[in-house]
Amino acid sequence: MELTSWNPDRTSSLFIGQYTGAFSKIFPSSDSLHTLDLSLRLGGERQTTVLDTMRQSPPRGSLSWDWQMGLRVGYAQQNGKIGTWFSWGPIMSWRSSGKATGVRWLLEAEAGTALDLRDLWSGSRAATRTWNLAIRLPVRFDPLAPRLRRRDYVEEPQWSWGLLVGPSVLF
């Protein structure tokens, strides 16, 4: 689940919630230091925009739902306590409500690294199976992404990226 909120000024806002589940098959190498991952991703995305541009009138808004299915291929390798990965894949998205309803294609990719922190304190291996610090760089191309303007919003092609840093724990 990933949530994004953007407020360029006091009169407009954009909120995007993406909910994804994946069925994965992992193909490890003989030394288990390199793996190939094939994932079928299913999920949805909700986009809410609010524009409050005129006094004495209610704000204009838009709510849209996208249902998504995608295939992602990933490669990962481990070198001591550091792991790196790269994944890429297309997503077919069906917008069932809001502006620009219909079928469209998206493209997502991600690169990342993880640092093994299991030996950070004594007894940490007994508490968790893995404890990592993960750094992710997701990139996405959306042919109909919402873009807020001063008086309205438009759907247009857009590249987006993010930098996510945080713990990754498996109990």
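Student: Where do I start with the charged side chains here, and how many salt bridges does a search of the whole structure find?

Tutor: The search turns up nine salt bridges across the whole structure. Keep in mind that this is a predicted model. To read a pair as a salt bridge, look for a side-chain nitrogen of Lys or Arg within 4 Å of a carboxyl oxygen of Asp or Glu. The E108 and R41 side chains pass that test, with N to O at 3.1 Å.

Student: Which strands do E108 and R41 lie in, and what does the pair tie together?

Tutor: E108 belongs to strand β6 (residues 102–116) and R41 to strand β3 (residues 34–51), so their salt bridge ties together parts that are 67 residues apart in sequence. As for burial, the cut-off is a relative accessible area under 20%. E108 and R41 are both buried.

Student: What about E45 and R140, how far apart are N and O in their salt bridge?

Tutor: For E45 and R140 the N to O distance is 2.9 Å. E45 sits in strand β3 and R140 in strand β7 (residues 130–148), so this pair ties together parts that are 95 residues apart in sequence. Again, both E45 and R140 are buried.

Student: And which residue forms a salt bridge with R104?

Tutor: That's D142, with the closest N and O atoms 2.3 Å apart. Here R104 is in strand β6 and D142 is in strand β7, so the pair ties together parts that are 38 residues apart in sequence. R104 and D142 are both buried.

Student: Which residues are linked in a network of salt bridges?

Tutor: The network links R41, E45, D66, R72, R95, R104, E108, R140 and D142. Notice that the three pairs we just walked through have their residues in that list.

Student: Stepping back to charge overall, how many positive and negative side chains does the protein chain have?

Tutor: There are 20 positive and 15 negative side chains. For a quick look at how the two sets are placed, compare their centres: in this chain they lie 4 Å apart.

Student: Now the fold. In what order do the elements run from the N terminus on?

Tutor: Read them off as β-β-β-β-β-β-α-β-β-β. That comes to one helix and nine strands.

Student: How do I read the overall shape, say from the radius of gyration?

Tutor: Set the value beside what a compact globule of the same length would give. For 171 residues that would be near 16 Å, whereas this chain has 20 Å. The spans along the principal axes add to the picture: the C-alpha trace covers about 65 × 35 × 20 Å.

Student: What share of the residues is buried?

Tutor: Buried residues make up 29% of the 171. On the outside, the accessible surface is about 11,100 Å², and carbon and sulfur atoms hold 63% of that.

Student: And what share of the contacts joins residues 24 or more positions apart?

Tutor: Such pairs account for 52% of the contacts with a separation of 6 or more.

Student: Let's try single residues. Is W161 buried or exposed?

Tutor: Check its relative accessibility, where exposed means over 50%. W161 has 66%, so it counts as exposed. This residue is in strand β8 (residues 153–161). Beyond its neighbours within four places in sequence, W161 is in contact with L137, P138 and V139.

Student: What is the relative accessible area of P167, and where is P167 found?

Tutor: P167 is found in strand β9 (residues 164–170), and its relative accessible area of 65% makes it exposed. Sequence and space tell separate stories here: P167 and A134 are 33 residues apart in sequence, and their C-alpha atoms are 5.8 Å apart.

Student: Where is the place of G80?

Tutor: G80 is in the loop between β4 (60–79) and β5 (82–95). With 52% relative accessibility, G80 counts as exposed. From G80 to A114 is 34 residues in sequence and 11 Å in space, C-alpha to C-alpha.

Student: Last one: how does L63 count at 39% relative accessibility?

Tutor: L63 counts as partly exposed, and it is found in strand β4. Leaving aside neighbours within four places in sequence, L63 is in contact with R46, Q47, T48, S97 and G98.

Notes
Residues numbered from 1 in each chain as written. Predicted model: local features only at pLDDT ≥ 70, side-chain atom pairs only at ≥ 80, totals over all residues. Heavy atoms only, no water. Helix = DSSP H or I, 4+ residues; strand = E, 2+ residues; numbered from the N terminus. Rg over C-alpha atoms; globule rule 2.2 N^0.38 Å. Buried < 20%, exposed > 50% of the residue type's maximum accessible area, 1.4 Å probe, protein only. Contact = heavy atoms within 4.5 Å. Areas by Shrake-Rupley, 256 points an atom, 1.4 Å probe, with all protein chains shown as cover. Lys, Arg positive; Asp, Glu negative; His and termini not counted. Charge placed at Lys NZ, Arg CZ, Asp CG, Glu CD.
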